[in-house]
Each structure stands twice: as structure tokens, then as C-alpha cells.
Amino acid sequence: MENLISIKNLSVGFRSQQKKANVVHSVSFDIPKGKTTALVGESGSGKTVTALSILKLLPYPTAFHSSGEIIYNEQNLLNMSDKKIQKIRGKNITTIFQEPMSSLNPLHTIEKQINEILITHSKISNADATKKTKELLINVGLENIAKRMKSYSYELSGGQRQRVMIAMSIANNPDLLIADEPTTALDVTVQLQILNLIKSLQKKLNMAILFISHDLTVVKRLADYICIMKDGIIVENNTKENIFFNPQHEYTKKLVNFQNKKKAGNILGSQKILEINKLKVWYPIKKGILRRTVDYVKAVDSISLTLFNNQTLGIVGESGSGKTSLVLAMLKLISFKGDVIFNKKHISSISNNKLLNLRKDMQIIFQDPFSSLSPRMTIEEIISEGLNIHEKHLTVLDKKNRIKRIMDEVGLDFETIYNRFPHEFSGGQRQRIAIARAHQYIQPNLINYISNFCIILMSNNKKFTF
């Protein structure tokens, strides 16, 4: 079978404070034409770093390759000049990034951003580009956005932004589509639509796919070949059938045979932690030169719910159904109408000073960790920021021990990462950092229901174990 991409003995490393360290160690695998190759492994195993090397999207010269080749059309992509690689990016090889909020330009409309990639690589007029952009948005299930393409990325939900990224990635009928967790932000029904869309496009265009995922269920549905990565090494590389039905490596066997542990149900307390009555979040639609309000987008319309002590309440719905707007209103981060009562305190009428003191008991884990972490602060500074505000009595040693303890709970090694910055981590590791920040300065007797409250606030359906 003819290969589109051949990766040979690729190593990837990063320079940090005069130190050099490899995170990917001499990996080799092929991506056949018209087939789907999946990279599977835990957070920080090197999946995304390996994929980004194909288009030289790593932060060079901080990043470096001590060995290896990436062969495409008999050329080594690693040796290509910036000018040559730019002609390939977005046309022959495209990428769906894991975090769409940080990938889309908040200053440009959706129409302009998709038009740009069409016009850059094709001789096409603005009018024709707009027409094709509309078709692309419809194809990825964004019929409503196709009617208002002047929208900006911050006006869309996480799932809608991801689908815009998918539309951009398939705009020029690429040879290879690198899909980095493309359905992470999507609900199950839309996820199935997107996966079916990718498969149909692959068949139509004879397009190869490099699919990065931690979800074996999705991988089993989509992939032809699977590479299992752990600690920067490919421990097993085989066909889908052999990986699932005849795994050889112990780590592969563990992944395939893993079953979620059943947790004993919590006994609900009688104390109400949260009560919401007839909550409304309406966004105005403004038109005309004077920007007059002509209608409203009713993101949340008269929602009522109650959360008790020791209870976990899941909020499930399609992208754009109002989940995030609901939880932002709970924290009084956006305007709303109705009653929000937390620990017998009315959030809707509480003063800003009192609300500040209450915030340490109401934490949120955002859907997009990269955009929620300051790129100019180290991990230690990010996690300790809340302690500096709400736990001023702590000594330097107590603060450091608190940070080390919570980082250990979320599966991160304090000594090796405390002085690094968010861009040096994978998407999964950044989410763990965000979880550590949310839980760091909560007193132990509050963890039970505050951690549950954090789960409510999450706008996707990921589950975390502490």
C-alpha cells in the first residue's frame, strides 16, 4: 500500500532554561493514502507534538529535532524552508486543532477566516469564496451560522467553533487531514455527524487522516491503523483488528481491557447548596447603523433546578443549547434575570465585595483550558494566584506544600513542571492544571460539594477523578 507520509526515527525536544529534553523518542510510522491512522495515548505522551512536527508548527527554535525525517512527496518536510512549507499548510495538509477558541481569530468574522484560506491557496473571487464558505458551514452542520457568517468566534459555543475549524480544514480538499481530538467539544449526536462527515469526505477525496484521540470507542469506529504512544514512544503499531483483538504490549492490553469502575452512589444530604428559579439569559440581536435591538437569542429561558449536598448534577445538551450561559450566570459573570441562591445567599442581589469572598467556594473549570490560563505565568504562579487572594495567612512553605499536594492529586509532578508555562503542555495536561487551580484553595470540608459544583459548571461531558 502506497504511503502518503513516512515518519522515520523522529525525536522531538524542547529547550527550557538552558536545558534540553526530548519528549518524543525515535518514533516511526506510516500514514497510507486514503486511510486513517490513529495516535492513541494518555495526556503528555507526545501525540500532538508528533503531529505538529509534520507541518513544523512547533515553537522553533525552542523546539528541536535531534533525529528523524518526515517524508511527503519524496521530500523531507523538516528540511523545507518556511516559504515552501507555507504552501503546503492549509492546502495539501491541514489541521483541526484541539482548542478552537485559541485557534480562531477573535477579531475576524467566521466568513473572513474561512474565505482567507480559500483565497490564499486558490484563484477564487471573494464572492465565490463566500459562496463556498456557506456550503462548508452547512456541510458541517452549521446551518444557522451560514445565515449569519458575520458572527465572531466568541459569539459561538465551543462545539460550533470546533465545527468552524473543521470547515476550514476541508476547504481545499487536502491530501492529509490531521485531526487533533476534533470531537472533544461536541455532544454525542453531533460527534457522530462529524465522524460520518469526515469518513465520507475521506472516501470522496481519497484523503488520508491522522487522528489523535484518547477515546478508543471513536478510534475503533474511524481508524484503519493504530499507533499506541506512551512516554514519547510508540509501544505498538498495528492494524485496528490486531490492536483490539490481539494486543501485544502490556500498555495496549491495559487500554483495551480497561473498564470504568462503578462508583457507589452518594447519599444525598438535605442541605441545598444551589437553587435556581426561572433563570433567563437573553442576548440582544442588534441591527442597523444605530445598533438597535430587534430581537433576542434566548440562550437560557426560565430554567429552574436544585443541587443538594453530596449530589452531582449533569447538564447535557447540544452545542449552543445554553449550558455555558447557564453556568456563567450562576457565577454572575454575565447578566441574567431570575434567582440564583448559593449557600442561602442570593447571588443576583449580593454586592461585589461579598461576591468576591464567596468566589472561593464557587469554582469553574472552563471548557478551553488554554485560553483560561495566562501564557505569561508559570504553573506555580497560576495555581498559587488564588491562594494569594483568599489564603493570605499561609506561609511560603505551606503554600508550596498545598500546591504540591493538589498537583499530585491531578496526576502532575510538581518538581518537573512548576516553572514551565501553559504552552509547554498538552491539552489534557492543561486541563489538569485548570482543575488544580479550581480546587487548590478550597478547604477540605468543602471539597465534597464544591468539586461537584465544578462538574456542573463544565460545558462538556468530561469526567475527572480526584
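Trp282 is partly exposed in this predicted model, because its relative accessibility of 34% falls between the 20% and 50% limits that separate buried from exposed residues. Its aromatic neighbour is Tyr296, and the two rings form a tilted pair, with centres 5.7 Å apart and planes at 50° to each other. Trp282 belongs to strand E11 (residues 272-287) and Tyr296 to strand E12 (residues 292-308), so the pair ties together parts that are 14 residues apart in sequence. Tyr296 also counts as partly exposed, at 40% relative accessibility.

In total, the structure holds 3 aromatic pairs. A pair of aromatic rings is described by the distance of the centres and the angle of the planes. On these terms, Phe414 and Tyr418 make a stacked pair, at 5.1 Å centre to centre and with 20° between the planes. The surroundings of the two partners can be told apart by accessibility: Phe414 counts as buried at 4%, whereas Tyr418 is partly exposed at 29%.

Aromatic rings also meet charged side chains. The charged end of Lys220 is placed over the ring of Phe244, 5.3 Å from the ring centre. Arg420 is found over the face of Phe425, with 4.5 Å to the centre of that ring.

Turning to the overall fold, the protein chain contains 19 helices and 14 strands. Of its 466 residues, 47% are buried. Among contacts between residues at least 6 apart in sequence, 67% join residues at least 24 apart.

Helix H7 (residues 158-169) offers a simple check on geometry. Its 12 residues should span 16 Å at 1.5 Å a residue, and the end C-alpha atoms are 17 Å apart, which agrees. The helix is also largely enclosed by the rest of the structure, because 12 of its 12 residues are buried. The buried set includes the charged residues' positions Arg161 and Arg163, along with Gln160, Gln162, Val164, Met165 and Ile166. Gly158 and Ser169 are likewise among the buried residues of H7.

Helix packing is illustrated by H15 (residues 379-390) and H16 (residues 396-409). Two packed helices are described by the angle between their axes and the distance between the axes. The axes of H15 and H16 come within 10 Å and cross at roughly 115°, and the crossing is right-handed. On the H15 side, the contact is made by Ile379, Glu380, Ile383, Ser384, Leu387 and Asn388. On the H16 side, Lys399, Arg402, Ile403, Ile406 and Met407 take part. An α-helix has 3.6 residues a turn, so residues three or four places apart point the same way.

The backbone has a few features worth a look. Most residues other than glycine have a negative phi, and most peptide bonds are trans. Against that background, the bond joining Tyr60 and Pro61 is a cis peptide bond, with omega about 0°. Pro61 is placed in the loop between helix H1 (47-54) and strand E4 (63-72). Asn73 has a positive phi, near 50°, and lies in the loop between E4 and strand E5 (75-76). Ser26, which is not a glycine either, has a positive phi of about 50°. Ser26 sits within strand E2 (residues 19-32) and is partly exposed, with a relative accessible area of 44%.

Strand E2 also holds Val23, a residue that counts as partly exposed at 33% relative accessibility. Val23 and Val12 are 11 residues apart along the chain, and their C-alpha atoms are separated by 5.8 Å. Leaving aside residues up to four places away in sequence, Val23 touches Val12, Gly13, Phe14, Ser45, Val49, Asp231 and Gly232.

A final position to visit is Glu250, in helix H11 (residues 250-257). At 57% relative accessibility, Glu250 counts as exposed. Its C-alpha atom is separated by 9.7 Å from that of Glu236, which lies 14 residues away along the chain.

Conventions:
Residues numbered from 1 in each chain as written. Predicted model: local features only at pLDDT ≥ 70, side-chain atom pairs only at ≥ 80, totals over all residues. Heavy atoms only, no water. Phe/Tyr/Trp six-rings, centres within 6.5 Å; stacked < 30°, edge-to-face > 60°. Helix = DSSP H or I, 4+ residues; strand = E, 2+ residues; numbered from the N terminus. Buried < 20%, exposed > 50% of the residue type's maximum accessible area, 1.4 Å probe, protein only. Lys NZ or Arg CZ within 6 Å of the ring centre and 35° of its normal. Expected span 1.5 Å × (residues − 1). Axes fitted to C-alpha atoms, helices over the stretch in contact; angles between N-to-C directions. Left-handed = near helix turned anticlockwise from the far one by under 90°. Contact = heavy atoms within 4.5 Å.
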